[in-house]
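Me: I should like to understand the terms used for this structure. Please set each value against its definition and then conclude.

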Amino acid sequence: MKVIFLTALLIRLSSVFVIRTSYVPDETWQCTEVAHRLVFGNGHLTWEWKEGLRSYLHPLIFTIPYMILKVLHIDSPYLVVMAPRVLQALLNFCGDVLLYRLVVKLYGHPQASYTTIMQLSSWYIYYVTPRTLINNLETLLIISTLNLWPTRYTDKVTYPAVVLAALSIALRPTLVLFWVFLGVHYLIKCPERRMTSVLKSIIVGVPTLCLVILLDSYFYGRTVFVFWNFLSFNIGSSAVYGAHPWHWYLSQGIPALLGTHMLFVGLAFYQKRDYPRQLLYVTMATVLFFSLVEHKEFRFLQHLMPIFMIWAGLGLHWLSRHMDNSTLYVIVMFHCAVNLLIAFYIGFFHQRGTISVVEHLSRGTVLSAGDHVTFLTPCHATPLHSYFHRGDVNLRFLDCSPELHPAVVPSEGYTHEEGRFFTDPEVWWKEYNVAEIDKTPGIQHFVVIFEEVLREFHEHLKKSGFHVVQRYFHAHVLVDDKLGEHLLLYKKLLGQ
């Protein structure tokens, strides 16, 4: 067991240094950017924080490493970037340990060992391990609660389980479906415990949610019900971030998340093992619910990955009993090799440029006080203050905040700044009035833009006195027509 846990720890910590790419903006803009603002005083709050759609509970966790760095006066840009990633990797390691304990509770140590193999070999779990996404925290809370949850009908609902479930709902309101479904299923199967279970949920769950409301209201400076605001927008208006067909999770999402793990999950169902049916039912219900929401992302199903890993572990355990060790070894090694290659490519190469350019600019010798950096990329494509970690430079990016009605509903016919720029970049550039940014001699103005996008505007930049000083590889496969294979860093000396 110690060898398994030590291996898991080393794998999780290795991801901190191997994963050098961007995934989604939320990993910085909805977490470390907010935490950086709370501790160091500078950090941009996106429109979600102004409208009360996010809970401060998540970024507050990452104020801890920031506070340690600040108190010890070792808050260099490198450590400010790496410290939250290390903390997140350690939290995911705790999830590995708790998943092992959960499977031991359900099936035994052999099945737990095979589940851990599946967990540690997942390309997706490794890919998101160091990322400060709220999905990582909600997954940890799911595993923690399931360890305490009555997965067998002879068990009782415990107070700690209710507290953790309530916290997960406060962090990610869409998880209310997950826990309501499990709770109702338990009450139906255990009628003799209905009254005591409901009372426990009210006595402990309601105060927990109220405390989170008070916490959020304190930081927002007004009474805020994040739960209601979040659901109001994401269920009815999330299509502003892109719409997908109803079958996307079944046809693309789950197959991509699981990859070769699907073979082992299939074996688990083929052998018809006596797994807790409530986990199967809640998985089906969750996938169905999220399929009805227009905007879909891989990470929205991340909290189901522990359940998928349990099934994959059961499938691998079945294989271990029905084939010789040498054949099993070849299958497992091939499975691990495929996932390793995918994780390394996507984690080290795919969408690397937006991280590389910010790391380059944040070096102490590149920027001077008063310099300007303008990001002419899709909004939130690059990290901001949580990477630069300095308040004496002017950072500008294209805003894509929706215009909202009072009920947090996007307005029709509204075009945000990013849309206006990509429609007519030269007109936007004139509105930006770059000539008046700063006329102080010696001040530098940097512009970050994708090489393959808006080629005519590149010529406009060169005619305006900008020249390319650095070129960064970004990606071979592009997921948006506003992205390119390479990023360019332009520079102009102002005030001359």
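Reply: A residue is called buried if its relative accessible area is under 20%, exposed if it is over 50%, and partly exposed in between. The model discussed here is predicted. By this wording, both Asp-96 and Arg-12 are buried.

Me: What makes Asp-96 and Arg-12 a salt bridge?

Reply: A salt bridge requires a side-chain nitrogen of Lys or Arg within 4 Å of a carboxyl oxygen of Asp or Glu. The closest N and O atoms of Asp-96 and Arg-12 are 2.7 Å apart, and the pair therefore meets the limit of 4 Å. This pair also links distant parts of the chain: Asp-96 belongs to helix 6 (residues 77-106) and Arg-12 to helix 1 (residues 2-18), with their positions 84 residues apart in sequence.

Me: How many salt bridges does a search of the whole structure find?

Reply: The search finds 13 salt bridges. One of the groupings is a network of salt bridges that links Asp-26, Arg-54, Glu-297 and Arg-299.

Me: How do you know that Glu-417 and Arg-396 form a salt bridge, and are these residues buried or partly exposed?

Reply: Their closest N and O atoms are 2.7 Å apart, and this is within 4 Å, so the definition is satisfied. Glu-417 lies in helix 21 (residues 417-423) and Arg-396 in strand 2 (residues 394-397), 21 residues apart. Glu-417 has 10% relative accessibility and therefore counts as buried, since the limit is under 20%. Arg-396 has a relative accessible area of 28% and is therefore partly exposed, as this value falls between 20% and 50%.

Me: Why do Glu-451 and Arg-471 qualify as a salt bridge, and what is the accessibility of Arg-471?

Reply: Their side chains meet at 3.0 Å, N to O, which is within 4 Å and therefore qualifies. Glu-451 is in the loop between strand 3 and helix 23, whereas Arg-471 is in strand 4, 20 residues apart. The relative accessibility of Arg-471 is 48%, and the residue counts as partly exposed, because exposed would require over 50%.

Me: What makes strand 3 and strand 5 a pair of strands?

Reply: Two strands pair if at least two bridges are found between them. Strand 3 and strand 5 (residues 486-493) share 7 bridges in the antiparallel sense, so the condition is met. Within strand 5, Leu-488 stands opposite Ile-449. Strand 4 (residues 467-473) is joined to strand 5 by 6 bridges, and these two strands also run antiparallel. There, Tyr-472 has Leu-487 of strand 5 as its bridge partner.

Me: Which residues with a positive phi are not glycine, and how accessible is each?

Reply: Gln-351 has a positive phi of about 65°, and Leu-454 has a phi near 55°. Gln-351 is found in the loop between helix 18 (325-348) and helix 19 (353-361). Its relative accessibility is 10%, so Gln-351 counts as buried. Leu-454 is found in the loop between strand 3 (444-450) and helix 23 (455-463). At a relative accessible area of 22%, Leu-454 is partly exposed, because buried would require under 20%.

Me: Where does Arg-352 lie, and how far is Arg-352 from His-486 in space?

Reply: Arg-352 lies in the loop between helix 18 and helix 19. Its C-alpha is 9.5 Å from that of His-486, although the two residues are 134 residues apart in sequence. With a relative accessible area of 22%, Arg-352 is partly exposed.

Me: Why is Phe-17 called exposed, and which surface patch includes Phe-17?

Reply: Phe-17 has a relative accessible area of 51% and is therefore exposed, as the limit is over 50%. Phe-17 lies in helix 1 and is one of the residues of a nonpolar surface patch that has about 880 Å² of accessible area together. Helix 5 (63-71) and helix 6 each supply at least two residues of this patch, and helix 5 gives the most, with 4 residues.

Me: Which residues form the negative surface patch, and what makes Glu-431 exposed?

Reply: The negative patch is formed by Asp-424, Glu-426, Glu-431 and Glu-456; the patch is called negative because Asp and Glu count as negative. Glu-431 is found in helix 22 (residues 425-432). Its relative accessible area is 56%, so Glu-431 is exposed.

How values were computed. Residues numbered from 1 in each chain as written. Predicted model: local features only at pLDDT ≥ 70, side-chain atom pairs only at ≥ 80, totals over all residues. Heavy atoms only, no water. Buried < 20%, exposed > 50% of the residue type's maximum accessible area, 1.4 Å probe, protein only. Patch = residues over 30% accessible without salt bridge, like charges linked within 9 Å, V, L, I, M, F, W, Y side chains within 5 Å. Areas by Shrake-Rupley, 256 points an atom, 1.4 Å probe, with all protein chains shown as cover. Charge placed at Lys NZ, Arg CZ, Asp CG, Glu CD.
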